[in-house]
Amino acid sequence: MRHEHSRRAVLGAGIAVASGSLLGACTSPGGDYGMDNSGLGGNAGPAAAPPSEYISPHGPEVQDREHRRGPGPDRHVQLTATATTLDLGARKVKSWAYEDQVPGQALRVTAGETLALTLVNQLPQPTTLHWHGIRLRNDMDGVPGITQPALKTGEAFDYRFTAVNPGTYWVHPHTGVQLDRGLYAPLIVEDPKEPLKYDKEWIVVLDDWLDGVGGRTPDKVLRQLNGGRPMAHGMDHGSAAGTASAAASTSAASAAGAMGAPGAMGAVGVVGAVGATSAPPMARHGAKPSPSPTRSAASAAPTGGTSRLLGGDAGHVTYPYYLINGRTPDSPQVFRAKRGDRIRIRIINAGGDTAFRVALGGHKMTITHTDGYPVRHKTTDALLLGMGERYDVLVTAKSGVFPLAALAEGKKRSTLAVLHTSGKGAKKFKRPKELDGKLVWADQLKADESVRLESRPPDRTIRMRLTGSMRKFDWAINGKPYEPSQRYPVRAGERVRLTFINGTPMWHPVHVHGHTYGLPDGGARKDTTILLPHRKVSVDFDADNPGLWMVHCHNVYHSESGMMTILGYQK
């Protein structure tokens with residue numbers, strides 16, 4: 001069944017729910033990564049086969065796969081994307097959000113149920129809804145120009161799919177840089193046979209915020225970073241007039257205004273400079289972290305800082321605010337529990353350009369899941385989450401008031417929420433020592449036996465070299481910026497190995513749509529992975545979800561500048 005969007009305005013819609021790494025060394029950067037990639041074999045670039053050779057997102061193969069998942073009871077939801085005013089705590093801003101709140105209200109469904117969600121677009125731009133991490137039918141993936149047309153202002157679209165895999169996921173647009181506004185919400189697929197025992201659950205959504213502050217918008221920031229080139233998934237921002245105007249605004253002064261001077265930040269709730277005591281995985285494997293790039297005074301535009309953990313540049317954008325659950329640290333969310341309560345914390349990084357290091361003061365965390373899938377439990381003091389990553393942890397609450405601290409890694413800023421079990425609340429906290437304690441990386445985790453991929457050699461290997469530079473902002477995959485016609489071929493039933501090679505001086509959170517891959521040697525199941533500069537990682541997945549699927553960096557300014565491509569199932 002094909003789902004078409006209708007031209008209907010649904011006003012005043014509320015959410016109504018009813019039941020019915022990093023491993024190994026890489027070749028040195030440099031050279032030509034375009035047409036002639038002799039070291040990458042036959043899979044160096046997208047295939048030139050005509051679209052008729054690939055399974056359509058609306059083809060019978062996609063419908064058949066959904067039918068075999070089995071339809072469950074319907075869970076109906078209506079979600080409206082709208083321009084609104086948001087209270088962040090430190091200030092109110094004009095932005096875009098779902099149902100006038102940030103994050104949007106958590107969407108909940110039980111594994112096996114059919115989620116039927118109507119998205120209503122009341123934004124001044126076209127939009128879509130992407131289901132990050134969900135292994136769903138391809139025509140519901142929310143990628144404009146690939147799986148559906150973008151919804152114009154006043155239109156609605158009915159998303160409908162069976163939610164099979166329990167876990168922590170989230171939703172956001174896949175249109176331009178809308179992700180870096182307030183358009184995101186948690187999506188929790190509950191396990192009807194939940195094996196974990198806990199008393200309370202706390203959803204924690206991390207974000208970096210600039211929209212509506214001092215005239216800044218994500219669209220302006222992108223134009224100043226990439227010189228006004230059209231966005232990969234943009235709508236009307238690539239017009240001749242818009243491009244000329246954007247190109248004229250790329251002076252150093254305008255870039256400083258868009259990206260923000262570090263000294264212009266508001267108060268922080270966790271004091272102390274960012275410091276790293278844990279060596280990143282590439283140091284454990286015998287290579288030294290990449291030094292921070294040298295910048296001349298003439299070319300030095302403001303950047304998002306540097307981080308030893310991330311191997312150099314931490315990001316491009318210095319944000320005025322960093323948020324937990326839509327709140328600034330001077331007006332944090334307070335989570336109340338009793339001493340001895342066992343709390344499940346679901347942590348989601350919804351940021352656009354920021355990795356977060358997270359710790360709960362006075363507590364250790366037991367990692368139980370990453371990207372929705374269970375792992376062998378492992379205890380840690382802190383976690384590092386790239387954009388798009390999720391971790392579930394268990395903590396046993398102590399008596400008192402404790403900061404859940406999130407450092408914007410390398411950006412010398414922080415935010416917090418508060419766990420309160422007894423006593424008076426504290427207005428300001430010292431930097432939790434756990435932030436500089438033991439930090440467990442994804443490559444140290446092993447998949448739980450229930451979800452571990454069976455060991456077998458790959459039927460197909462696809463090598464994707466991440467290319468581009470900070471100076472030119474020409475991010476791409478195998479030297480080719482995104483085009484909707486690109487295809488890296490796979491066939492149903494294959495074990496596919498994706499080898500990501502980072503040939504850039506910048507870290508990238510690499511995300512694959514519609515599938516969950518396994519890290520090497522029985523490692524964790526993931527859909528988003530931090531890849532450090534000049535490193536590579538090989539991940540395996542079973543090609544069991546036909547259609548056309550995006551692969552991209554989840555730094556929204558990288559992906560919209562071209563670091564995206566498409567895996568295509570051949571007929």
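Buried here means under 20% relative accessible area, and exposed means over 50%. Keep that in mind as you click around, and remember that this is a predicted model.

**Stop 1: helix α1**

Select residues 60–69, which make up helix α1. Which of its residues are buried? Colour V62, R65, E66 and R69, and you have them. Now look straight down the helix: the buried residues of α1 fall within an arc of 100°, so they line one face. Turn to the other side of α1 and you find P60, H67 and R68, which are exposed.

Next, bring up β7, residues 156–162, since this strand is what the buried residues of α1 pack against. Before leaving, step on to G70, which follows α1 and has a positive phi, near 85°.

**Stop 2: the cores**

Stay with the interior and show the largest nonpolar core, a set of 135 residues. Those with the most contacts inside it are W131, F500, Y557 and L567. Pick W131 and display its surroundings. Leaving out neighbours within four places in sequence, W131 is in contact with a list of residues that includes L107, L115, L117, M140, W170 and L187. Apart from that core lies another, of 8 residues, with V143, L548, M550 and M564 among them.

M550 from this 8-residue core deserves a click of its own. You'll find M550 in strand β32, residues 548–553, and it is buried, at a relative accessible area of 1%. Add H513 to the selection: M550 and H513 sit 37 residues apart in sequence, yet their C-alpha atoms are 5.4 Å apart.

While you're in this part of the sequence, select T565 in strand β33, residues 564–569. T565 is buried too, with a relative accessible area of 1%. Show side chains and draw a distance to Q486: a polar contact of 3.0 Å joins the side chains of T565 and Q486.

**Stop 3: rings**

How many aromatic pairs does the model have? The count comes to 7. A pair of rings is described by the distance of the centres and the angle of the planes. Try that on W202 and F335, a stacked pair with 4.5 Å centre to centre and 10° between the planes. This pair links distant parts of the chain, with W202 in strand β10 (200–209) and F335 in strand β14 (334–336), 133 residues apart. Are the two partners buried or exposed? W202 is buried, at 2% relative accessible area, and F335 is buried as well, at 13%.

Then go back to W131 and add F157, Y159 and F161: these four form one aromatic cluster. Of these, Y159 and F161 also appear among the contacts of W131.

For a ring with a charge on top, select W96 and R181. The charged end of R181 sits over the ring of W96, 3.8 Å from its centre.

**Stop 4: a look at the loops**

Select A90, in the loop between β2 (74–87) and β3 (92–98). A90 counts as partly exposed, at 36% relative accessibility. Which residues does A90 touch, leaving aside neighbours within four places in sequence? They are Y321, T328 and D330. D330 is 240 residues away from A90 in sequence, but 6.6 Å away in space, C-alpha to C-alpha.

**Stop 5: backbone oddities**

Most residues other than glycine have a negative phi, and most peptide bonds are trans. The last three selections go against that.

First, zoom in on V102 and P103, where the joining peptide bond is cis, with omega near -10°. P103 is in the loop between β3 and β4 (107–110).

Second, move to D371. This residue isn't a glycine, but its phi is positive, about 50°. Look for D371 in the loop between β17 (365–370) and β18 (373–380), where it is buried, with a relative accessible area of 0%.

Finish at N478, another residue other than glycine with a positive phi, near 55°. N478 lies in the loop between β24 (476–477) and β25 (488–490). Show the surface and N478 is covered: it is buried, at 0% relative accessible area.

Conventions
Residues are numbered from 1 along each chain as its sequence is written. This is a predicted model: local features need pLDDT of at least 70, side-chain atom pairs count only at pLDDT 80 or more; totals for chains, interfaces and linings use all residues. Side-chain values use heavy atoms; hydrogens and water are left out. Helices (H or I, at least four residues) and strands (E, at least two) are DSSP runs, numbered from the N terminus. Buried means under 20% relative accessible area, exposed over 50%, partly exposed in between (1.4 Å probe, protein chains only). Contact means heavy atoms within 4.5 Å. A nonpolar core is a set of buried Ala, Val, Leu, Ile, Met, Phe, Trp, Tyr and Cys residues joined through side-chain atoms within 4.5 Å. The arc is that of the directions from the helix axis to the C-beta atoms. A polar contact is a pair of N or O atoms within 3.5 Å; within protein, one must be able to donate a hydrogen and the other to accept it, and residues adjacent in sequence count only if both atoms are side-chain atoms. Rings of Phe, Tyr and Trp (its six-membered ring) pair if their centres lie within 6.5 Å; planes under 30 degrees apart count as stacked, over 60 as edge-to-face and the rest as tilted. A charge sits over a ring if NZ of Lys or CZ of Arg is within 6 Å of the ring centre and within 35 degrees of the ring normal.
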